[in-house]
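Please look through the sequence and the model below. The paragraphs after it go from the interior of the protein to its ligand.

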Amino acid sequence: MKTVYFDYNASAPAWPEVVETVAETLRRGGNASSVHGPGRAARAAVERARGAVAGLVDVEATQVVFTGSGTEANNQALKCCGRERFFVFAIEHESVLTPRPDATVVPVLADGTADLAALEALLANADAPSMVALMLANNETGVIQPVAEAVRIARQHGALVHCDAVQAAGKIPVDFDALGVDSMALSAHKIGGSQGVGALILRDGSPIGRFVDGGGQERGLRAGTENVAGIAGFGAAADIVSGRLDDFAALAALRDEMVRRIREIAPGSSVFGESAPRLPNTAKLTMPGVDSDTQVMAMDLAGLAISAGSACSAGKVSAPYVLTAMGVPDAEAITAVRVSLGWNTTGADIDRLVAAWEDLYRRAGEKAA
Ligand code: PLP
């Protein structure tokens, strides 16, 4: 039985063109810092990819710094910006929440969007140069954040803004300048590139310095021999998804049809962040009375890959913090799973998921009776 993949927000399957590009680049070899022919070819591959990744968020290629992951890009922004006070929203990814243990955590509203009034009040009392971190789209709920508005508030208080756009890029249009942020994190594997490649996008004149010390690669902003093949694959993926934003937007119809049918089966099923703008592919929804681990295991047995929480925090048995931040009671939060669709998802895939969902829900109901 073919497994149907509903976990694109964890990692999107690599595009066949990406697999080919990575393999071909590895076969060719060469170090992008070498001056001989193979080195120059490797450099050309990196620079081609830099242009493609720049295009994804509408910046100049010179603003792109390749990193080892989205996590590393977030760490670099928060740890190397020279600011003293940090304001991070409660729903941020762990790679934003943890680099600054002294950061002030800013609340979100019940719909999962940033509480900008709270941000404004906190910044008004900030006693030192600050940085605000607000993601563009949440990995669990898909809720799209009011980043441009947060930037306007931050500017009034002289604060920098870093934006984790790892989940948004390639899924919705992202325009770095229109958002007005100072820095942005991206990750290749969320758009069908390979894992272990990311990018930090910097505004010209950004104060953000290097995080990894060593050689002078990436214009001195990220030491270490470039992952030429992974970067080339990132570029190939960026080119593909940039041309397929309409296909991605169309996933909202499949997602909403799935939710409609699930609610016919269980009218009490909640979808978190439903009233806010969301990524077209994401639903964080509950199966009343059935905990998320049971759902993930039963779905896996039925050949369906879904997620209980963020993949990075798998194994932890507590209510997902993103839902707790939205005020969802623990008893409900532990029955939530994330279903994230992608470029390959079909109507037949949704049929299989809804059938398996109904089967589990009925069986759980019989057991409880
Ligand atoms: N930020 C968000 C919102 C994510 O969803 C993830 C991955 O789960 C990351 C950052 C980390 O990216 P990477 O897996 O490239 O380290």
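Leu 186 touches residues from several parts of the sequence, leaving aside those up to four places away. Its partners before position 100 are Val 53, Val 57, Ser 69 and Gly 70. Further along the chain, Leu 186 also touches Ala 165, Val 166, Ala 169, Gly 198, Ala 199, Ile 201 and Phe 234. The model in which these contacts occur is a predicted one.

Leu 186 belongs to the largest nonpolar core, which has 104 residues. Together with Leu 119 and Met 184, Leu 186 touches the most other members of that core. Helix α8, residues 228-242, gives the most to this core, with 10 residues. A second core, separate from the largest, has 19 residues, among them Ala 77, Met 131, Leu 200 and Ile 208. In soluble globular proteins, nonpolar side chains tend to be buried together.

The ligand comes next. It is surrounded by 15 residues, and the closest are Thr 71, Asp 164, Ser 187, His 189 and Lys 190. By class, this shell consists of 10 polar, three nonpolar and two charged residues. Helix α3, residues 70-79, gives the most to the shell, with three residues.

Several polar contacts involve oxygen atoms of the ligand. One such atom is 2.6 Å from an N or O atom in the side chain of Thr 71. For Gly 70, which Leu 186 also touches, the partner is a polar backbone atom, 2.8 Å from a ligand oxygen. An N or O atom in the side chain of Gln 167 is likewise 2.8 Å from an oxygen atom of the ligand. Taken alone, the ligand exposes 390 Å², and the protein buries 91% of that.

Note on methods
Residues are numbered from 1 along each chain as its sequence is written. This is a predicted model: local features need pLDDT of at least 70, side-chain atom pairs count only at pLDDT 80 or more; totals for chains, interfaces and linings use all residues. Side-chain values use heavy atoms; hydrogens and water are left out. A residue is near a molecule or strand if one of its heavy atoms lies within 4 Å of it. A polar contact is a pair of N or O atoms within 3.5 Å; within protein, one must be able to donate a hydrogen and the other to accept it, and residues adjacent in sequence count only if both atoms are side-chain atoms. Accessible areas come from the Shrake-Rupley method with a 1.4 Å probe; for residues, only the protein chains shown count as cover. Helices (H or I, at least four residues) and strands (E, at least two) are DSSP runs, numbered from the N terminus. Ala, Val, Leu, Ile, Met, Phe, Trp, Tyr, Cys and Pro count as nonpolar, Asp, Glu, Lys and Arg as charged, and the others, Gly among them, as polar. A nonpolar core is a set of buried Ala, Val, Leu, Ile, Met, Phe, Trp, Tyr and Cys residues joined through side-chain atoms within 4.5 Å. Buried means under 20% relative accessible area, exposed over 50%, partly exposed in between (1.4 Å probe, protein chains only). Contact means heavy atoms within 4.5 Å.
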